Amino acid sequence: MKEILFRGQRVDNGEWVYGSYIENSIDSPCIIDYDANQFEIKKESISQFTGLLDKNGNKIFEGDKVKAFGISYYQVVYNDGAFYLRKENSHLRLSRTIQDLEIIGNIHEEK
């Protein structure tokens with residue numbers, strides 16, 4: 001079964017938190033972590049886990065920048081119910097068959 005997981009940057013200190021995403025008309029968007037702590041997060045930083053790991057065992061999220069095929073750099077995006085690798089005007093569906101992906105950063109912070 002696919003793990004449903006989100007991440008977001010905390011409003012108060014910019015740290016990343018991981019867990020369940022909630023939003024309602026009263027509160028700001030929040031992540032509830034595994035210890036049931038609730039954190040207000042920056043809406044633009046909300047990212048969903050793709051269900052895949054990079055070659056170093058790191059979870060790949062929407063918004064990550066990845067190196068693929070040894071030399072090409074892509075951004076992970078979600079569109080029409082699927083995750084894709086986007087580079088300029090091209091899109092390649094993200095799948096388990098793509099080997100050697102490596103996270104090199106994300107669109108929310110420079111690495």
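Biologist: Looking at β9 and β10, how many bridges join them, and do these strands run parallel or antiparallel?

Modeller: As a general idea, strands of a sheet pair through backbone hydrogen bonds, and the pairing may be parallel or antiparallel. In this structure, which is a predicted model, β9 and β10 run antiparallel and are joined by four bridges. One place to look is leucine 85, which stands opposite leucine 92 in β10. The two strands form a hairpin with two residues between them, and glutamate 88 in that turn has a positive phi of about 50°.

Biologist: What should I read from the phi of glutamate 88, and is this residue buried or exposed?

Modeller: Phi is a backbone angle to be read together with the residue type and the place in the chain. For glutamate 88 it is near 50°, a positive value in a residue other than glycine, and this residue lies in the loop between β9 (82–87) and β10 (90–93). Glutamate 88 counts as exposed because its relative accessibility is 72%, and the cut-off for exposed is over 50%. Alanine 36 can be read in the same manner: phi is near 70°, again a positive value in a residue other than glycine, and the residue is found in the loop between β3 (30–32) and β4 (38–40). With a relative accessibility of 60%, alanine 36 counts as exposed.

Biologist: Which strand pairs with β9 through five bridges?

Modeller: That strand is β8, residues 72–79, and it runs antiparallel to β9. Within this pair, valine 76 has leucine 85 of β9 as its bridge partner. β8 and β9 also form a hairpin with two residues between them, and in its turn aspartate 80 has a positive phi of about 50°.

Biologist: Stepping back to the whole chain, how many helices and how many strands are there?

Modeller: A useful habit is to list the elements before asking how they are arranged. The chain has zero helices and 11 strands, so that the pattern along the sequence is a run of β elements from beginning to end.

Biologist: In what order do the strands of the open sheet lie, and which are its edge strands?

Modeller: The order of strands in a sheet is to be read from the pairing. Here six strands form an open sheet in the order β4-β3-β2-β1-β5-β6, with antiparallel pairing. The edge strands are β4 and β6 (59–61), each of which pairs on one side only. From one strand to the next, the twist averages 50°. Within this sheet, strand β1 (residues 6–9) is joined to strand β2 (residues 16–22) by four bridges, and one partnership to look for is that of glutamine 9 with tryptophan 16 in β2.

Biologist: Arginine 10 lies in the loop between β1 and β2; is it buried or exposed?

Modeller: A loop position does not by itself settle the matter, and the accessible area has to be consulted. Arginine 10 is buried, because its relative accessible area is 15% and the cut-off for buried is under 20%. Its side chain makes a polar contact with the side chain of aspartate 12, at 2.7 Å. Leaving aside neighbours within four places in sequence, the residues in contact with arginine 10 include Glu15, Val17, Phe39 and Lys42.

Biologist: Which residues does proline 29 touch beyond those up to four places away in sequence?

Modeller: Such a list shows the surroundings that the sequence alone hides. Proline 29, in the loop between β2 and β3, counts as buried at 11% relative accessibility. The residues it touches are Tyr21, Ile22, Glu23, Phe39, Glu40, Ile41, Lys43 and Ile46. Phenylalanine 69, by contrast, is 40 residues from proline 29 in sequence and 36 Å from it in space, C-alpha to C-alpha.

Biologist: Which residues make up the largest nonpolar core?

Modeller: A core is read as a group of buried nonpolar residues whose side chains are joined. The largest one has 11 residues in all, among them Leu52, Tyr74, Val76, Phe83, Leu85 and Leu101. The elements giving two or more residues to this core are β7 (64–68), β8 and β9. A second, separate core of six residues includes Val17, Ile31, Phe39 and Ile46.

Biologist: How does the radius of gyration of the chain compare with that of a compact globule?

Modeller: For 111 residues a compact globule would have a radius of gyration near 13 Å, and the 14 Å of this chain agrees with that. Along its principal axes, the C-alpha trace spans about 45 × 30 × 25 Å, and buried residues make up 39% of the chain.

How values were computed
Residues numbered from 1 in each chain as written. Predicted model: local features only at pLDDT ≥ 70, side-chain atom pairs only at ≥ 80, totals over all residues. Heavy atoms only, no water. Buried < 20%, exposed > 50% of the residue type's maximum accessible area, 1.4 Å probe, protein only. Pairing = 2+ DSSP bridges. Axes fitted to C-alpha atoms, helices over the stretch in contact; angles between N-to-C directions. Polar contact = N/O pair within 3.5 Å; in protein donor to acceptor, adjacent residues only side chain to side chain. Contact = heavy atoms within 4.5 Å. Core = buried A, V, L, I, M, F, W, Y, C linked by side-chain atoms within 4.5 Å. Rg over C-alpha atoms; globule rule 2.2 N^0.38 Å.
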